[in-house]
Amino acid sequence: MKKFTIGMDVGIDLGSNTVKIFTPDRQIALAEPTMVAVDRDTDEILAFGSDARQMLGRTSEKIAVISPVQHGRIHHFSLTETMLTAYVREVCGNRIFMPRVVVCVPSGVSEVEKSEVVESLRAAGARKVCLIETVVAAALGAGLDISQPRGCMVCDIGGGTTDIGVISINGTAVSHWIHYAGNSFNEALTEFIARKHDLVIGPQTAELIKREIGCVIPREAILTATVKGRHFKTGMPHMIRINSEDIMEAFEEPAVRICRAVQHTLEETPPALAGDLLTNGGITVTGGGAKLYGMDRLIAERTKLNVTVARDPEICVALGTGKAIRFIDTRDKFEKETSPLDVFGA
């Protein structure tokens with residue numbers, strides 16, 4: 001009879017853009033794009049992660065580069081399963097392993113969607129899967145004390161979704177999520193450049209420009225960047241210059257949508273918890289979108305609350321899943337309501 005090697009406990013941030021895996025000894029042990037390259041004719045998987053991303057927009061029609069997780073949901077089950085298996089094996093080794101996993105899910109996902117995440121990880125080798133809401137993981141990763149009976153608020157601006165929640169006693173008192181997030185800014189920029197300059201650019205170019213000169217409020221000094229792509233009318237390679245004021249115009253709609261979602265969450269927050277936000281740090285912003293110039297100040301202006309960008313906002317959710325590992329053992333000993341985890345598996 002085979003003896004199974006019990007693997008390490010891991011935390012997984014299954015993001016729309018990036019999969020991050022946390023281990024207690026190595027912290028962020030893996031951060032790879034949520035992408036898979038597939039041969040359309042044979043369905044053979046050619047590459048994962050960074051290798052697949054390098055193929056994006058640079059391959060023949062025979063190869064498809066697919067993001068199997070979109071807007072925080074699994075859109076392609078078998079590819080997600082195969083991708084996770086490869087990533088977990090890379091972190092845990094090629095031996096027979098049965099790790100316990102904490103994985104985050106957006107607020108408000110259905111039971112069916114939760115089951116898909118669980119089954120993907122079980123197929124990847126997990127013997128127990130624990131789910132944690134994204135905003136709770138983000139709060140833990142940002143170093144907030146969520147165990148007390150007082151409200152703290154998190155706005156996690158990820159790649160595919162923005163998750164907002166008010167947390168108290170290890171759980172969300174009220175939460176809200178929208179599809180407007182980091183990728184929405186890239187899409188808005190792509191559409192703006194196509195409309196204003198007849199230039200077609202790819203998602204990687206949009207991401208680079210966003211990081212270089214992107215903003216949602218005026219900068220102290222106007223920045224400019226060179227944008228390369230294909231001219232819409234001539235079909236020839238073309239190059240333009242664009243400035244940060246143009247970017248701010250392009251980013252107006254997704255930025256306003258996110259602010260409105262934060263306001264909507266506050267409107268649904270119980271009065272006592274809402275009052276806590278005035279004296280308990282206000283709103284903490286996490287996720288890659290937190291690094292967009294002026295996003296925190298725009299939210300503060302719209303809500304009249306103090307807004308703080310977490311340290312290392314891009315990895316807060318992954319760090320939070322790691323910190324939640326300690327709840328795997330304690331959850332069975334205490335009441336379910338005192339734990340931030342939902343547990344699946346033996």
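In this predicted model, strand 17 (residues 283-286) and strand 18 run parallel and are joined by three bridges. Within this pairing, T284 has T308 of strand 18 as its bridge partner. Strands of a sheet pair through backbone hydrogen bonds, in either a parallel or an antiparallel manner. Strands 17 and 18 belong to an open sheet of five strands, arranged in the order 13-12-11-17-18 with mixed pairing. The edges are occupied by strand 13 (171-178) and strand 18 (307-309); each has a single partner strand, so one side of each is left without a neighbour in the sheet. On average, neighbouring strands of the sheet are turned by 20 degrees against each other, direction ignored.

Helix 4 lies across strand 11 (152-157), strand 12 (162-168), strand 13 and strand 17 of this structure. With respect to strand 12, helix 4 runs at about 70 degrees.

Helix 4 (residues 134-141) also meets helix 11 (residues 316-323), the two axes coming within 6 Å and crossing at roughly 90 degrees. Helix 4 is therefore roughly perpendicular to helix 11. Helix 4 contributes T134, A137, A138, L140 and G141 to the contact, while helix 11 contributes C316, V317, L319, G320, T321 and K323. Of the residues in this contact, six are nonpolar, four are polar and one is charged.

Salt bridges were searched for across the whole structure, and 13 were found. One of them connects E111 with K114, whose closest N and O atoms are 3.6 Å apart. Because E111 and K114 are three residues apart in helix 3 (residues 111-123), about one helical turn separates them. E111 is exposed, with a relative accessible area of 53%, whereas K114 counts as buried at 14% relative accessibility.

A salt bridge is likewise formed between K210 and E207, with 3.1 Å between the closest N and O atoms. Both residues, K210 and E207, lie in helix 6 (residues 203-213), three residues and about one turn of the helix apart. K210 counts as buried, since its relative accessibility of 13% falls under the 20% limit.

A further salt bridge brings together the side chains of E314 and R211, at 3.4 Å from N to O. This pair links distant parts of the chain, as E314 is in the loop between strand 18 and helix 11, R211 is in helix 6, and 103 residues separate them. E314 is partly exposed, with a relative accessible area of 30%, and R211 counts as exposed at 54% relative accessibility. Through salt bridges that share partners, E207, K210, R211, K291 and E314 are joined into one network.

Methods:
Residues are numbered from 1 along each chain as its sequence is written. This is a predicted model: local features need pLDDT of at least 70, side-chain atom pairs count only at pLDDT 80 or more; totals for chains, interfaces and linings use all residues. Side-chain values use heavy atoms; hydrogens and water are left out. Axes are lines fitted to C-alpha atoms, for helices over the stretch in contact, and angles run from 0 to 180 degrees between N-to-C directions. Helices (H or I, at least four residues) and strands (E, at least two) are DSSP runs, numbered from the N terminus. Angles under 35 degrees count as roughly parallel, over 145 as roughly antiparallel, 65 to 115 as roughly perpendicular and the rest as oblique. Contact means heavy atoms within 4.5 Å. Ala, Val, Leu, Ile, Met, Phe, Trp, Tyr, Cys and Pro count as nonpolar, Asp, Glu, Lys and Arg as charged, and the others, Gly among them, as polar. Two strands pair if DSSP finds at least two bridges between them. A salt bridge is a side-chain nitrogen of Lys or Arg within 4 Å of a carboxyl oxygen of Asp or Glu. Buried means under 20% relative accessible area, exposed over 50%, partly exposed in between (1.4 Å probe, protein chains only).
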